Amino acid sequence: MIKKYFNDWNKFEKLFLICGLLVSVISAIIFNGTVIDTLYTSLYLITALLMSKGKVECYFVGFVSVFFYGIVSYNQGYYGELIITIFLTFPIMIIGIISWLRHQDKEEDTVIISSLSKKEITIVLLSQLILFWIYYFILKVFNTDLLEISTISVVTSVLASYFEARRSELSLFCYVANDLVIITLWLVPIINGQTQLISVLVGPILLLINDIYGSYNWGKLKKKQKERGLV
């Protein structure tokens, strides 16, 4: 049954999954990462890869991976990431899984990608420009480390989660932006001597590679679905 599940995975996807999981475990061993760090990195990789393939299962694995990321963020004092997890990511994920389950391409076993109006996209982007300052002052109250970077992380994460719930390929571009912000977020303490966090940094680096691939793959999926009149 497991072998059958991977029938529609190409060589790159299978190789990336195997190599990514190996890198996660090996980096944790070399740099004294915790079990929680390893679980976060591994589960987030699986979630992101499933999402890049348009598989609704990404949400089921995602619920678990987001939980572990919340723990990692709390331990590091990145309360912005923790707030994202509890108050934003979880609620949007619930909305997203309902939307994805209702819009399935049963022939290809993938989500049907939507085309959002320019009006909706504009409203969403403008709302986050305004909410940036609200996030900023909330995180400031919690004495969040790397305040400005953490605030940008909130904005890009909310945008990515929203567009993902709306089944838009824009989510992948937002995830790429969020990956770059998170890489910066974890790179700063590593440069300052916390080398054990390298095992955590591996996660967003792998996600960046995956999300770049995902943006390409969603483009292909959308083109096929347009040809079949699904979009």
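**Exercise 1. Which residue with positive phi follows H8?**

Solution. Start with the helix itself: helices are DSSP runs of H or I with at least four residues, strands are runs of E with at least two, and both are numbered from the N terminus. Helix H8 covers residues 170-191, 22 residues in total. From first C-alpha to last, H8 reaches 32 Å, close to the 32 Å expected at 1.5 Å a residue; the expected span is 1.5 Å times one less than the number of residues. Then comes Gly193, with a positive phi near 115°.

A word on the ground rules. This is a predicted model, in which local features need pLDDT of at least 70 and side-chain atom pairs count only at pLDDT 80 or more, while totals for chains, interfaces and linings use all residues. Residues are numbered from 1 along each chain as its sequence is written, and side-chain values use heavy atoms, leaving out hydrogens and water.

**Exercise 2. Work out how many disulfides there are.**

Solution. Apply the rule, a pair of cysteine sulfur atoms within 2.5 Å. The count comes to zero. Cys58 is in no disulfide, as the nearest cysteine sulfur, that of Cys174, is 16 Å away. Next, check accessibility, where buried means under 20% relative accessible area, exposed over 50%, and partly exposed in between (1.4 Å probe, protein chains only). Cys58 counts as buried because its relative accessibility is 2%. Cys174 also counts as buried, at 14%.

**Exercise 3. Describe the largest cavity and its lining.**

Solution. On a 1 Å grid over the protein atoms alone, a cavity is a set of points where a 1.4 Å probe fits but cannot get out; a pocket is an open set with protein on both sides within 12 Å along at least five of seven lines; lining residues have an atom within 4 Å of a point. Grid points are joined across faces, edges and corners, and a volume is the space filled by probe spheres set on the points.

1. The whole structure holds two cavities of 30 Å³ or more.
2. The largest has a volume of about 480 Å³.
3. Its lining has 27 residues, and those closest to the centre are Tyr44, Val66, Ser161, Glu164 and Tyr175.
4. Helices supplying at least two lining residues each include H3 (35-52), H4 (57-76) and H8.

**Exercise 4. Which helix gives the largest share of the lining of the largest pocket?**

Solution. The pocket holds about 230 Å³ of space. Its lining includes Asp8, Lys53, Tyr213 and Lys224. Helix H9 (residues 198-227) contributes the largest share, five residues.
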